[in-house]
Amino acid sequence: MSHYHAVVWLDHNEAHIMHISPDDVETSVVKPVTPHRNLQRKRGSVSGSRQPEDQHFYHEVVEAMSGAKEVLIVGPGQAKLELIKHIHAHDPRVADQVVGVETVDHPSDAQVVAFARKYFVAKDRMVSQ
């Protein structure tokens with residue numbers, strides 16, 4: 001079933017993709033192939049540079065978003081911004097579907113859905129004026 005709206009909550013350990021309508025929610029979870037380790041510094045690296053982002057993980061998240069016309073991306077840290085960078089670099093057709101990026105901590109899926117519904121109602125009100 002295709003839904004008009006979707007919300008993606010993600011961090012570096014997992015992504016919850018929820019396609020929502022007023023009375024229905026379809027949820028999928030995507031996890032990276034390699035478990036998250038400290039991304040701030042490479043262990044044993046003299047330069048202390050960051051580990052490369054898991055592009056395959058972000059690609060799977062984008063695939064899970066398919067079918068939605070408007071997507072809200074939320075999460076507690078940098079992963080949401082890295083997903084946006086990935087979308088612009090690798091899936092530019094999806095960039096126009098992303099209508100917002102918001103910082104939220106670690107809510108339950110039900111809280112994310114409630115937040116997204118409220119967000120989309122407010123957005124739709126603003127657009128219709």
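R93 counts as exposed at 62% relative accessibility, where exposed means over 50% relative accessible area, buried under 20%, and partly exposed in between (1.4 Å probe, protein chains only). Its salt-bridge partner sits at the other end of that scale: D91 is buried, with a relative accessible area of 7%. The closest N and O atoms of D91 and R93 are 3.9 Å apart, which falls inside the cut-off for a salt bridge, a side-chain nitrogen of Lys or Arg within 4 Å of a carboxyl oxygen of Asp or Glu.

Before going on, a word about the ground rules. This is a predicted model, so local features need pLDDT of at least 70 and side-chain atom pairs count only at pLDDT 80 or more, while totals for chains, interfaces and linings use all residues. Residues are numbered from 1 along each chain as its sequence is written, and side-chain values use heavy atoms, with hydrogens and water left out.

Back to the charges: the structure holds three salt bridges. One of them joins the side chains of K123 and E70, at 2.9 Å from N to O. K123 lies in helix α4 (residues 109–128) and E70 in strand β4, so this pair ties together parts that are 53 residues apart in sequence. (Helices are DSSP runs of H or I with at least four residues, strands are runs of E with at least two, and both are numbered from the N terminus.) K123 counts as buried at 18% relative accessibility, and E70 is buried too, at 10%.

E14 and K31 make another salt bridge through their side chains, 3.6 Å from N to O. Here the link runs between loops, with E14 between β1 and β2 and K31 between β3 and α1, 17 residues apart. E14 is partly exposed at 21% relative accessibility, whereas K31 is exposed at 52%.

Now for the sheet. In general, strands of a sheet pair through backbone hydrogen bonds, either parallel or antiparallel. In this model, five strands form an open sheet in the order β3-β2-β1-β4-β5, with mixed pairing; two strands pair if DSSP finds at least two bridges between them. β3 and β5 stand at the edges with a single partner strand each, so one side of each has no neighbour in the sheet.

At the β3 edge, seven bridges join β2 (residues 15–21) to β3 (residues 24–30), and these strands run antiparallel. They form a hairpin with two residues between them, and S21 has D24 in β3 as its bridge partner. β1 and β4, by contrast, pair in the parallel sense over five bridges, with W9 bridging to V74 in β4.

Helix α2 packs on the sheet, touching β1, β4 and β5, where contact means heavy atoms within 4.5 Å. The direction of α2 makes about 155° with that of β5; axes are lines fitted to C-alpha atoms, for helices over the stretch in contact, and angles run from 0 to 180 degrees between N-to-C directions. The buried residues of α2 are A79, K80, E82, L83, I84, H86 and I87, and their cover includes β1, α1, β4, α3 and β5.

V101 shows the β5 side of this arrangement, since its place is in strand β5 (residues 98–103). Leaving aside residues up to four places away in sequence, V101 touches L72, I73, K80, L81 and I84. The C-alpha atoms of V101 and L81 are separated by 8.1 Å, and V101 is partly exposed, with a relative accessible area of 33%.
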